[in-house]
Amino acid sequence: MTDPARTLTAPSYKAIHVEWEGPVVQVRLNPFEQDDTLGVAVLDDLIALLDDLHDRPDTRILVLSSLGTDFCLGADRNEFQAALATDPTGASVRRIVDRAHRLCQALENTHAITIARLHGRVVGAGLALASFCDLRAGADTCRFRMPEVGIGLPPAWGGAMGRLVAEAGAARIRELMLTSEPFDAPTAHRIGILHKVAPADRLDEVVDAWTRPLVRRSPEALVLTKRMLAGFARADRTADVSLLDSHLLAAHVRQG
């Protein structure tokens, strides 16, 4: 489905790799295969990209994947510690986590249908980021984990707790968050974190099977349906306290 003549690479993003393929934008984390964490540079590039999509209404699908060994190993805790060393008040840490919240809200609200293509390990903030995508496909070798409680932090990144509870149910998310136990792709599929599971070498087929019909749908119908679904999902988050994420995380980093 890719027309090489229509493929454009956006050089303005430094921490992610972005290619437009007609109505589809491919967004790949870790373009240099060196760091599978979500640092500030990655957050800023993803926010800028989602802002840019406002001027690209013809972009119908966003596929989020990674060029690294793993999809994502979570937030960059070294940046948290460096920010705290520079600013012991925790304000710098709060600004980093506020960026994460802005990113996840932008991902949820963009007009494009978003697809997460997951492989390897999907940990912490990486799972949070993927959870805000509309559709999620994972390799059958994926391993997931919510490690925050196990390392003494609250699960406060991007408003993910409310989103995961809405997607997978409170009982299972409660267990996985409190125990920090790893879980596999079949479990992620069973509880609704993954919509599809496939061998790693067939993940692109799964994504294409979603993309082909979606690009033929009425853009207005897709956007309206996406926003209606988001509205119903948010109804379960009427007591959403995710705006406190940055304060909670900054407070715990300072105590550590």
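## Helix packing, salt bridges and a surface patch

The axes of helix α1 (residues 40-52) and helix α3 (residues 91-109) come within 9 Å of each other and cross at roughly 35°. This description belongs to a predicted model. Two packed helices are described by the angle between their axes and the distance between the axes. The crossing of α1 and α3 is left-handed. On the α1 side, the contact is made by Val40, Leu43, Asp44, Leu46, Ile47 and Leu50. Helix α3 contributes Ile96, Arg99, Ala100, Arg102, Leu103, Ala106 and Leu107 to this contact.

Charged side chains form a second topic. Side chains of opposite charge can pair when their charged atoms come close. A search of the whole structure finds nine salt bridges. Three of these pairs, with the separation of the closest N and O atoms, are set out below.

| Basic residue | Acidic residue | N to O distance |
|---|---|---|
| Arg28 | Glu19 | 3.9 Å |
| Arg117 | Asp204 | 2.8 Å |
| Arg202 | Glu205 | 3.2 Å |

In the salt bridge between Arg28 and Glu19, both residues are buried.

The side chains of Asp204 and Arg117 meet in a salt bridge with an N to O distance of 2.8 Å. This pair links distant parts of the chain, since Asp204 lies in helix α8 (residues 203-214) and Arg117 in strand β5 (residues 113-118), 87 residues apart. Arg117 has a relative accessible area of 16% and is therefore buried, the cut-off for that class being under 20%. Asp204, with a relative accessible area of 44%, is partly exposed.

For the salt bridge of Arg202 with Glu205, the accessibility of each partner is also available. Arg202 counts as partly exposed because its relative accessibility is 45%, and exposed residues have over 50%. Glu205 likewise counts as partly exposed, at 45% relative accessibility.

The surface also carries a nonpolar feature. Leu224, Met228 and Phe232 form a nonpolar patch there, and together they have about 350 Å² of accessible area. One of these residues, Phe232, lies in helix α9 (residues 219-235). Phe232 has a relative accessible area of 60%, so this residue is classed as exposed, a class that begins over 50%.

Methods:
Residues numbered from 1 in each chain as written. Predicted model: local features only at pLDDT ≥ 70, side-chain atom pairs only at ≥ 80, totals over all residues. Heavy atoms only, no water. Patch = residues over 30% accessible without salt bridge, like charges linked within 9 Å, V, L, I, M, F, W, Y side chains within 5 Å. Areas by Shrake-Rupley, 256 points an atom, 1.4 Å probe, with all protein chains shown as cover. Salt bridge = Lys/Arg side-chain N within 4 Å of Asp/Glu carboxyl O. Helix = DSSP H or I, 4+ residues; strand = E, 2+ residues; numbered from the N terminus. Buried < 20%, exposed > 50% of the residue type's maximum accessible area, 1.4 Å probe, protein only. Axes fitted to C-alpha atoms, helices over the stretch in contact; angles between N-to-C directions. Left-handed = near helix turned anticlockwise from the far one by under 90°. Contact = heavy atoms within 4.5 Å.
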